[in-house]
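Colleague: Please take a close look at the pocket that ranks second by size, and then walk me through the parts of the chain you would read next. I am new to this, so plain wording would help.

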Amino acid sequence: TEVAVLGAGLVAAMKQLPLPRDAHRATLIEPREPGGEQAASFGNGAWISPASVVPMSTPGLWKKLPSYLSDRSGPLVIRWAALPGLLPWLLRFWWAGHSVPRVEATAQALSALLRDAPERHLRAAALAGVAGWVVQRGLLYLYPDRAAFKAEALAWRLRHDNGVRAQELDGAALRALVPDVDARYGLGLLVAAGAHCLDPGGYVAALVRQAQTGGARLLRARALGFAFESGPVGQRLASVRTDAGDVACERAVICAGIASAALARQAGDRIPLASERGYHVVWPDAPVQLGLPVMPSDGKMALTPTRGGLRVAGQVELAAVSAPPDWRRADLLTRFARQMFPALRPGHWPDPGATAATPINAENHAASAAATATAPAARWMGHRPSTPDGLPVIGPSAHHPDIVHAFGHGHVGLAAAPATAELVSDLLAGRTPAIDPRPYRASRF
């Protein structure tokens, strides 16, 4: 079977690993470098967490909406200019988390994709020849005190109900694990099963190279839509239209990140997809000891040791896809990281005119070697393709079953990619999936 895969991100790359047993021939259609700066995978927090089962929308969230519109320093902001267009999505977002039973169902569906994510990634990295890039040292959630921990009781109950186990650490045990973190953090929850990726963008590129070695074709083109032909039981997919010509195929998989909603609409499915724009900053030579990723409860960002240095990733900014970055979001990440790690405080943030993921000229910002050593060297903004209910869209198009959706993973794209890829492969091959696909169906919208 000729399968056209629209996008060459992590889900697309992972999906090629099981394909040889299915006798498919795949063409990955991607206009830019797989794993490049344009991809959500390039700049994410690099966490591979079975604990990421808690959706963004939870009971009581609507009370915070005024602050999201007015407070530009919070972890979630909504640009006023985007509000009219986002309103339908926001209403669905509120409804998805308006009751505890709904949130419990979402957490259960997420757990099915995440529970064995570290093990799946360890195997995939080994197959791609980058085994050392996926590291399983655990993930640490930090709290100032027990009261702050109890404020997140629902989140930890959802994790526990879905098989996530965490070890409480305080005092000397916590300081031994993260000796350089600010003393105001007195409690840690260690999810030992968690893992992280040392180079998410490079990992995607390695998986795509492995797919090409296995027979997949990479076409540098932009997918535009689909062409159909009449068959004995209705219209059948004939090809994918691209700006480099048509790609003949019998099946297609849409996993093109934030561009997926427009492609799904070409197949007749209207999926409410918004960009939860995220930011990161990176210190190449951060003078801190950090052997595992950490997430502070009062900052909600991921601080992760990577091949490029200390990556601080987070923030949720709801805005139009075409809107320019608001680099104040990256400034907030920088300031918070310095609050967490005193050793970072002498540095200076770069010139506001610097571009995304561009090395900073230290001469413009710091005269001393100490200041230069603790200044971020790059910053980035990207698009998390997010549905309002916090679940990805996985499964056949409601109108054209030859087209399968695999997008909308929001904050869990890295962790959920292997299970998503297996589910898509089972659906393409007509096998009964090990994971129940019903929670992710496109027709739920």
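**The second largest pocket and some other parts**

Modeller: Helix H4 (83-96) and helix H5 (100-114) each contribute at least two residues to the lining of the second largest pocket. Keep in mind that the model is predicted. Of these contributors, H5 gives the most, with 4 residues. The volume of the second largest pocket is about 330 Å³. Its lining is made of 15 residues, and the closest to its centre are Arg102, Asp389, Leu391, Pro439 and Arg444. By type, the lining residues divide into 8 nonpolar, 6 charged and 1 polar.

Next come the strands. A general point helps first: strands of a sheet pair through backbone hydrogen bonds, and the pairing is either parallel or antiparallel.

Start with strand E17, which covers residues 302-306. All of this strand is out of reach of the surroundings in the sense used here, as 5 of its 5 residues are buried. In a regular strand the side chains alternate between the two faces of the sheet. In E17, Ala302, Thr304 and Thr306 lie on one side, while Leu303 and Pro305 lie on the other, and both faces are covered. The partner of E17 is strand E18 (residues 309-318), which runs antiparallel to it and is joined to it by 5 bridges. One place to look is Ala302, which stands opposite Ala313 in E18. The link between E17 and E18 is a hairpin of 2 residues.

Just before E17 there is a residue to check. Lys300 sits in the loop between strand E16 (294-296) and E17. Most residues other than glycine have a negative phi. Lys300 is not a glycine, yet its phi is positive, near 55°. Lys300 counts as partly exposed because its relative accessibility is 40%, and partly exposed means between the limits of 20% and 50%.

Now take an open sheet of 3 strands, with the order E11-E12-E13 and antiparallel pairing. Strand E11 (223-231) and strand E13 (245-248) are at the edges with a single partner strand each, so one side of each has no neighbour in the sheet. On average, neighbouring strands of this sheet are turned by 35° against each other, with direction ignored. Strand E12 (residues 234-242) pairs with E13 over 4 bridges, in the antiparallel sense. Within that pairing, Arg241 has Asp246 in E13 as its bridge partner.

Another open sheet also has 3 strands, here in the order E3-E9-E5, with antiparallel pairing. Its edge strands are strand E3 (47-48) and strand E5 (134-135), and each of them pairs on one side only. E3 and strand E9 (residues 195-197) run antiparallel and are joined by 2 bridges. In this pairing, the bridge partner of Ile48 is Ala195 in E9.

The loop that leads into E3 deserves a stop. Ala46 lies there, between helix H2 (40-43) and E3. Ala46 is another residue that is not a glycine but has a positive phi, about 70°. Ala46 is buried because its relative accessible area is 1%, and the limit for buried is under 20%.

On the other side of H2, the loop between strand E2 (25-29) and H2 holds Gly36. Gly36 also counts as buried, since its relative accessibility is 14%. Gly36 and Pro200 are 164 residues apart along the chain, and their C-alpha atoms are separated by 9.8 Å.

Last, the cysteines. How many disulfides does the structure hold? The number is 0. A disulfide needs two cysteine sulfur atoms within 2.5 Å. For Cys197, the closest cysteine sulfur is in Cys255 at 18 Å, so the pair is too far apart for a bond. For Cys249, the closest cysteine sulfur is again in Cys255, at 13 Å, which is too far for a bond. Is Cys197 buried or exposed? Cys197 is buried, because its relative accessible area is 0%. Cys249 counts as buried because its relative accessibility is 5%.

Technical notes. Residues numbered from 1 in each chain as written. Predicted model: local features only at pLDDT ≥ 70, side-chain atom pairs only at ≥ 80, totals over all residues. Heavy atoms only, no water. 1 Å grid on protein atoms, 1.4 Å probe; cavity = no way out; pocket = protein on both sides within 12 Å on 5 of 7 lines; lining within 4 Å. Points joined across faces, edges and corners; volume = space filled by probe spheres on them. Nonpolar A, V, L, I, M, F, W, Y, C, P; charged D, E, K, R; others polar. Buried < 20%, exposed > 50% of the residue type's maximum accessible area, 1.4 Å probe, protein only. Pairing = 2+ DSSP bridges. Axes fitted to C-alpha atoms, helices over the stretch in contact; angles between N-to-C directions.
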